[in-house]
Amino acid sequence: MKEYKQFYIDGAWVDPVEPRTMEVENPATEESFAVISIGSKADVDKAVAAAKAAFPSFSQTSVEYRAELLEKIAAGIKARMPEMAEAISSEMGAPMWLANAAQVPAGMGHFATMAAILREYQFEELKGTTLLRKEPIGVCGFITPWNWPLNQIACKVAPAIAAGCTMVLKPSEIAPLDAMILTEIMHEAGVPKGVFNLVNGDGPGVGASLSAHPDVDMMSFTGSTRAGVLVAQAAAPTVKRVAQELGGKSPNIILPSADLEKAVGGGVMQMMTNSGQSCNAPSRMFVQKDQQEQAMAIAKAAAESVKVMMPGEATPGAIGPISNGNQYQKVQDLIQKGIEEGATLVAGGPGRPEGFNKGYFARPTVFANVTNDMTIAREEIFGPVLVMIPYEDVDHAVEMANDTVYGLAGYVQGPEDEARKVANRIRAGQIQVNGARPDFTAPFGGYGQSGNGREWGEYGFEEFLEIKAVMGYKAA
């Protein structure tokens with residue numbers, strides 16, 4: 001049993017104010033493999049005080065100093081990649097191939113990208129006689145999820161450091177070990193004491209205390225829309241900035257002129273990656289009604305080709321378990337709901353895949369003949385479940401695509417010119433055309449109940465800046 005019973009506050013590992021522990025479960029085995037401490041308001045107060053004390057000096061450091069710090073952190077992650085990948089796989093179930101190919105490199109990439117952006121960024125601009133100056137917002141509180149744990153920490157911590165902010169992180173209590181390793185890396189990289197602080201805990205305890213703290217200037221939260229609302233409510237009395245990256249039910253429009261085999265098969269595989277536990281997953285596939293039967297056959301073959309394996313044994317393309325028991329039960333309940341509401345079960349279904357009698361493993365599932373008002377078309381399932389919705393024409397597809405409370409991402413497959421026009425009509429923060437690869441410099445965030453603010457790249461960096469106007473800076 002690995003033990004991580006201390007928090008990182010003011011540049012040192014310290015014991016919690018009130019001893020209270022929680023075991024960390026491996027979702028593939030349903031067995032505990034580590035133990036962490038659960039913090040309290042008193043721990044949050046200590047961490048915020050350290051961040052507040054560190055802000056005046058760190059906010060005045062040079063661009064070059066902060067850029068070099070980010071590069072040292074990226075190098076530290078690279079040096080400990082095998083250990084980091086194993087931690088992520090054990091805590092949230094990612095297959096080792098995915099942990100090594102995407103989970104860890106994504107986090108490392110945000111630090112490296114932010115260093116490059118920082119070096120080129122213009123913090124001051126003279127407009128007439130007024131100087132527009134961009135300055136760090138202050139002390140930041142971060143609450144991060146379990147599905148892409150290092151990635152989600154990095155795309156908050158990296159821009160905060162780049163801006164000159166100080167911070168307190170509460171990583172997911174379900175997947176906390178990668179954050180502990182990252183903290184060791186940041187300490188070794190020479191991050192000044194008080195700049196970065198970590199307190200483990202749950203939402204009602206540490207998360208709520210951090211969100212409501214009067215000395216926290218900004219909260220950045222990634223997770224469910226329900227929890228995001230609670231963070232915003234707790235933050236409201238102190239009028240702090242709140243950035244939220246929340247849920248999604250992203251449409252994937254397959255145009256009638258698309259290569260159906262490639263578009264449908266690719267859409268299924270992208271949906272199943274990370275066991276469907278990505279907030280921007282293409283979970284609603286829209287196919288022209290005359291092509292529905294052919295698309296169903298393609299989707300069935302693709303879903304049934306996805307192997308479900310133990311994380312340590314998984315071959316590339318295989319998926320592991322759902323990350324925790326509560327989420328596994330939610331996925332099972334929604335699969336059953338789809339059957340009860342009359343959707344056509346094309347592949348998969350309830351229960352574990354053949355050969356598994358324990359672990360939170362779900363079957364790669366595809367529903368067809370889904371209507372956009374069914375529960376499985378409205379709610380974020382967050383598992384390896386795809387719903388296929390037939391449409392009359394492209395206008396009908398776009399109308400249904402936008403008929404959602406969410407607006408995180410969208411996908412369009414088809415001839416380039418036509419796909420671009422459809423992409424412009426989808427109400428979402430990020431659109432991928434014809435399987436485009438992720439771009440760490442592109443803003444990531446959503447419309448509607450998918451949140452507010454942006455992460456990644458220059459737009460994510462600017463979330464951590466305030467704008468000051470110095471009038472009369474230059475004589476008229």
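Q: Which residues of α9 are buried?
A: The model is predicted: local features need pLDDT of at least 70, side-chain atom pairs count only at pLDDT 80 or more, and totals for chains, interfaces and linings use all residues. Numbering starts from 1 along each chain as its sequence is written, and side-chain values use heavy atoms, without hydrogens and water. Helices (H or I, at least four residues) and strands (E, at least two) are DSSP runs numbered from the N terminus. Where buried means under 20% relative accessible area, exposed over 50% and partly exposed in between (1.4 Å probe, protein chains only), the buried residues of α9 are L260, A263, V264, G265, G267, V268, M271 and M272.

Q: How many Å apart are the end C-alpha atoms of helix α9?
A: The helix has 13 residues, numbered 260-272. The expected span is 1.5 Å times one less than the number of residues, so 18 Å should be covered. The model agrees with this expectation, since the end C-alpha atoms of α9 are separated by 18 Å.

Q: Which elements are included in what covers the buried residues of α9?
A: The cover includes one helix, α10 (292-305). It also includes the strands β13 (251-254), β14 (284-288), β16 (365-368), β17 (385-391) and β18 (409-413).

Q: Which element gives the most residues to the lining of the largest pocket?
A: A pocket is an open set of points on a 1 Å grid over the protein atoms alone, where a 1.4 Å probe fits, with protein on both sides within 12 Å along at least five of seven lines; lining residues have an atom within 4 Å of a point. The largest pocket holds about 1300 Å³ (the space filled by probe spheres set on the points, which are joined across faces, edges and corners). Of its 44 lining residues, Q270, T273, Q432, A436 and P438 are the closest to the centre. Two or more lining residues come from each of α4 (96-120), α5 (149-163), α9, β18 and β19 (430-433), and the greatest contribution, 8 residues, is that of α9.

Q: How many charged residues are in the lining of the second largest pocket?
A: This pocket has a volume of about 1000 Å³ and is lined by 37 residues, with F221, G223, S224, R226 and A227 nearest its centre. Helix α8 gives the most, with 6 residues. Ala, Val, Leu, Ile, Met, Phe, Trp, Tyr, Cys and Pro count as nonpolar, Asp, Glu, Lys and Arg as charged, and the others, Gly among them, as polar. By these classes the lining has 15 nonpolar and 15 polar residues, while the charged residues number 7.

Q: Why is C140 not bonded to C165?
A: A disulfide is a pair of cysteine sulfur atoms within 2.5 Å, and a search of the whole structure finds 0 of them. C140 is buried, at 0% relative accessible area. C165 holds the cysteine sulfur closest to that of C140, but the two are too far apart for a bond because their separation is 4.0 Å.

Q: Which residues does K474 touch, beyond four places away in sequence?
A: K474 lies in the segment after β21 (465-470) and is partly exposed, with a relative accessible area of 48%. Its C-alpha atom is 8.6 Å from that of L126, although 348 residues separate them along the chain. With contact taken as heavy atoms within 4.5 Å, K474 touches L126, G128 and T129.

Q: What is the phi of N434?
A: N434 is in the loop between β19 and β20 (451-452) and is partly exposed at 39% relative accessibility. Most residues other than glycine have a negative phi. N434 is not a glycine, yet its phi is positive, near 50 degrees.
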